[in-house]
Amino acid sequence: VPYSWHHQSMVEKMSELSSIVKETSDNGTDLSPDDIGTIEEMPEDTILSRQTSVNLVPFIGQRFVSQDAAYEFYCSYAKQCGFSIRRHRTRGKDGVGKGITRRDFTCHRGGYPQLKPSDDGKMQRNRKSSRCGCQAYMRIVKRADFDVPEWRITGFSNVHNHELLKSHDVQLLPAYCTISADDKSRICMFAKAGMSVRQMLRLMELEKGVKLGCLPFTEIDIRNLLQSFRNVDRDNDSMDLLAMCKDKKDKDPNFKYHFEIDSHNRLECIAWSYASSIRSYELFGDSIIFDTTHRLDAYDMLLGIWVGVDNHGMNCFFGCALLRDENVQSFSWALKTFLGFMNGKAPETILTDQNMWLKEAIANEMPRTKHAFCIWHIIAKFSDWFSVLLGSEYDKWKAEFHRLYNLQTVEDFEVGWREMVDTYGLHGNKHTVSLYALRTFWALPFLRCYFFAGMTSTFQSESINAYIQRFLSAQALLDNFIEQVAAVIDTKDVAGSKQKMRRRVYKVSLKTGSPIESHAASVLTPYAFCKLQEELVMAPQYASLMVDENYFIVRHHTELDGGHKVIWMPHEEFIDCSCHQFEFSGIVCRHVLRVLSTNNCFHIPDQYLPFRWRDVGSSVSKTFQSPTSGDRAGKAQVLHSMVSTLMSESTETEERLDIACDQIAMVLSQVEDSDGIVQSFNAGNPHESIALGKLKERGQRDGFDIYRKLRCCSVPCCGQFGHDAADCPMMGADELNGDGLGLFWLKASAERLGGADQISFAL
């Protein structure tokens, strides 16, 4: 919406407000409920209770799309009852494994206060606490049925051991005295217009249609917010930010940043990206999200963050921007700068908020990039747009919208949309008209031919939103904000590396025994393989009907007509399905897998196992495939390369070293030859030899000196005893240096094993 419209609307409301204030001042009285017309005639229930069409009493088995939705629901229930809630225990950890799988919400008076010693050893002063051990709670557990994650209530108790507050008192609880991001932006705008705090409160009450004093924040909260804005030295902080960026650039030449200063020497806009972010974009920049829904209100600057997902399904950071103005020119500058950071490489697809200025900027700067709107941002507005309008029909309408959103074909969507508009009488609704006009930007039937790396799914969107929240701090100084972004990226990279290493080490579970499954497991990352495996498990439920030599109809066994069209040309290794799942996610669909299996095809063609979803480790292993069984020299050369890679990769971190030692010990323990390397270790002096099972413990204690201590053992490929490794004629000078000796031992060991497969697994 243009700024001029906002300005005109604000002026009209200010004029209306001024007339009300003037009338009351002329009469010598304050505002009374009767001065606000019919607003005071509303019943006691709040706007929230009018807008929701569901029973606000939680029940076992109730479902939510996210834990935030469950929190908001329970928070609304608690507010009506007269208490507030807080987040309590969790099971799992965000960003690790399956993430958080269970969450408990408790009454704000649950638990008991605990005295904590201060830094100087003295106990804190005994403040009065409201906690009294209340047992009221709600527990939700995460489930994922048919690849649709959701949260279900598994425990609920509303038994309190304290009195509940009245409706006029409960809103004063700290949990309900919050100012949303949108309200902060409006307060900032009102302050620029010169409005008083009291005028801000009255105007926002009129806008929201609530009774006097029923806003979720008070006059004191607004004054504290404005004071926090005043405490910020915007000009000096901007200069500190630029100085810090210059310092980072001096330390790391691959760090990139760009900025512009206006005529008043103020920071107009700035964007930056880290060296690791640029490397990640080279691999995973085919589909990205540009989130511009947050602001640093203290500096009145828009925050834009570029993020994506890697081959392990983990979020990765590409870049960040701060913009003074929200218009086409600012967004164009940000996009042009971002492309400059990434050497001019534009993404195939980009997801953004429903912002018309940003839409125009993307069309100008990235004309060949498919632009789509984040559906979760659109759905978040439905409550304000339709809940009051539709009343008790709101839930049914929302379910119908989700059905239309997930349809396969454009024709079905067009027919279904017209029926929905007719059924619910939404012909003249401006939001419905706008959604339909922009349907090619958000409806899946129009987007399935483009690759979005799974970022349109509810689970992935929730993960990305949680990732973005880590960067946000409205009260942070600019230089601290930049440091915070760098710290979050470093923390995520470390956690991500650990998780990827664990996934590579532990074998995936095969469910079908199909050669297609085992082949895919050796190529794809565990994340991508699990997606493919889900399709493979469902494939037997479909019937494959041959229409002609290369044309098949695939339908579910319960369906008598319809189905998906699959074209399979085995000689060209070309395959295509009308569901377009491969184009959309990069994962072959169940219809294609059914056709392959019924036509005796035992592996998926390489072009349908995209490098984007492949495991780097498996690619390395494929590069190091063993030569033929009779080529002993070739095996030795392959083994030399593999062991070198193993050493360079495993010595980067202590955890990698631990994993490598464990796996090598497992490989050596499998040798059954009496002349094998394990026995050779003990051939010289059994009491002085080092057991490979204790390699990790010695490595932690002695560091890399463990490889030097191996010189006291006999060389396994020498075949002669009575001399130490240091005097062995089989070893050259280069192999006696530190880690080189470890390489020699591994090469000799692997040669006894007769192949590269086991070391490939360790890699």
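**Entry 1: Arg295 and Glu326**

I started with a salt bridge between the side chains of Arg295 and Glu326, where N and O are 3.9 Å apart. The model is predicted, so I treat every value here as computed from it. I then asked where the two partners sit in the chain. Arg295 belongs to strand S8, while Glu326 lies in the loop between strand S10 (315-323) and helix H10 (328-341). They are 31 residues apart, and the pair links distant parts of the chain. I also looked up how open each one is. Arg295 is partly exposed, at 23% relative accessibility. Glu326 is partly exposed as well, with a relative accessible area of 32%.

**Entry 2: strand S8**

Arg295 led me to its strand. S8 covers residues 287-296, and 8 of its 10 residues are buried. The strand is therefore largely enclosed by the rest of the structure. Next I looked for its pairing partners. Strand S9 (residues 301-309) pairs with S8 in the antiparallel sense, over 6 bridges. Within that pairing I found Phe290 opposite Trp306 of S9. Strand S11 (residues 349-352) pairs with S8 too, in the parallel sense, and here I noted 3 bridges. Ile288 has Ile350 of S11 as its bridge partner. One reminder for reading the strand: side chains in a regular strand alternate between the two faces of the sheet.

**Entry 3: salt bridges inside helices**

How many salt bridges does the whole structure hold? My search found 15. I picked two more to look at.

The first joins Glu205 and Arg202, with 3.8 Å from N to O. Both residues are in helix H6 (residues 197-208). They are 3 residues apart, so about one helical turn separates them. Is Glu205 buried or exposed? Glu205 is buried, with a relative accessible area of 6%.

The second joins Asp247 and Lys251, whose closest N and O atoms are 3.3 Å apart. These two sit 4 residues apart in helix H8, so again the separation is about one helical turn. Asp247 is partly exposed at 36% relative accessibility. Lys251 is exposed, and its relative accessible area is 67%.

**Entry 4: a nonpolar patch**

I stayed with helix H8, which runs over residues 234-251 and also holds Met239. Met239 is partly exposed, at 35% relative accessibility. Which residues share a surface patch with Met239? Phe259 and Ile261 do, and the patch is nonpolar. Together the three have about 220 Å² of accessible area.

**Entry 5: cysteines**

I checked for disulfides, which are covalent bonds between the sulfur atoms of two cysteines. The cut-off is 2.5 Å between the sulfur atoms. By this rule I count 0 disulfides. Cys134 is in none, and its nearest cysteine sulfur belongs to Cys107, 3.9 Å away. Cys134 is buried, with a relative accessible area of 5%.

Why is Cys579 not bonded to Cys577? Cys577 has the closest cysteine sulfur to that of Cys579, but the distance is 3.5 Å, too far for a bond. Cys579 is also buried, at 5% relative accessibility.

**Entry 6: His591**

Cys577 and Cys579 turned up again when I looked at the contacts of His591. I left aside its neighbours within four places in sequence. The other residues in contact with His591 are Tyr542, Val554, His564 and Val566. His591 is placed in helix H22 (residues 590-598). Its relative accessibility is 7%, so His591 counts as buried.

**Entry 7: the whole protein**

I closed with totals. The protein has 763 residues, and 45% of them count as buried. I noted 30 helices and 16 strands. About 39,400 Å² is exposed, and carbon and sulfur atoms supply 51% of that area. Last, I looked at contacts between residues with a separation of 6 or more. Of these, 61% involve residues 24 or more positions apart.

How values were computed
Residues numbered from 1 in each chain as written. Predicted model: local features only at pLDDT ≥ 70, side-chain atom pairs only at ≥ 80, totals over all residues. Heavy atoms only, no water. Patch = residues over 30% accessible without salt bridge, like charges linked within 9 Å, V, L, I, M, F, W, Y side chains within 5 Å. Areas by Shrake-Rupley, 256 points an atom, 1.4 Å probe, with all protein chains shown as cover. Salt bridge = Lys/Arg side-chain N within 4 Å of Asp/Glu carboxyl O. Buried < 20%, exposed > 50% of the residue type's maximum accessible area, 1.4 Å probe, protein only. Contact = heavy atoms within 4.5 Å. Pairing = 2+ DSSP bridges.
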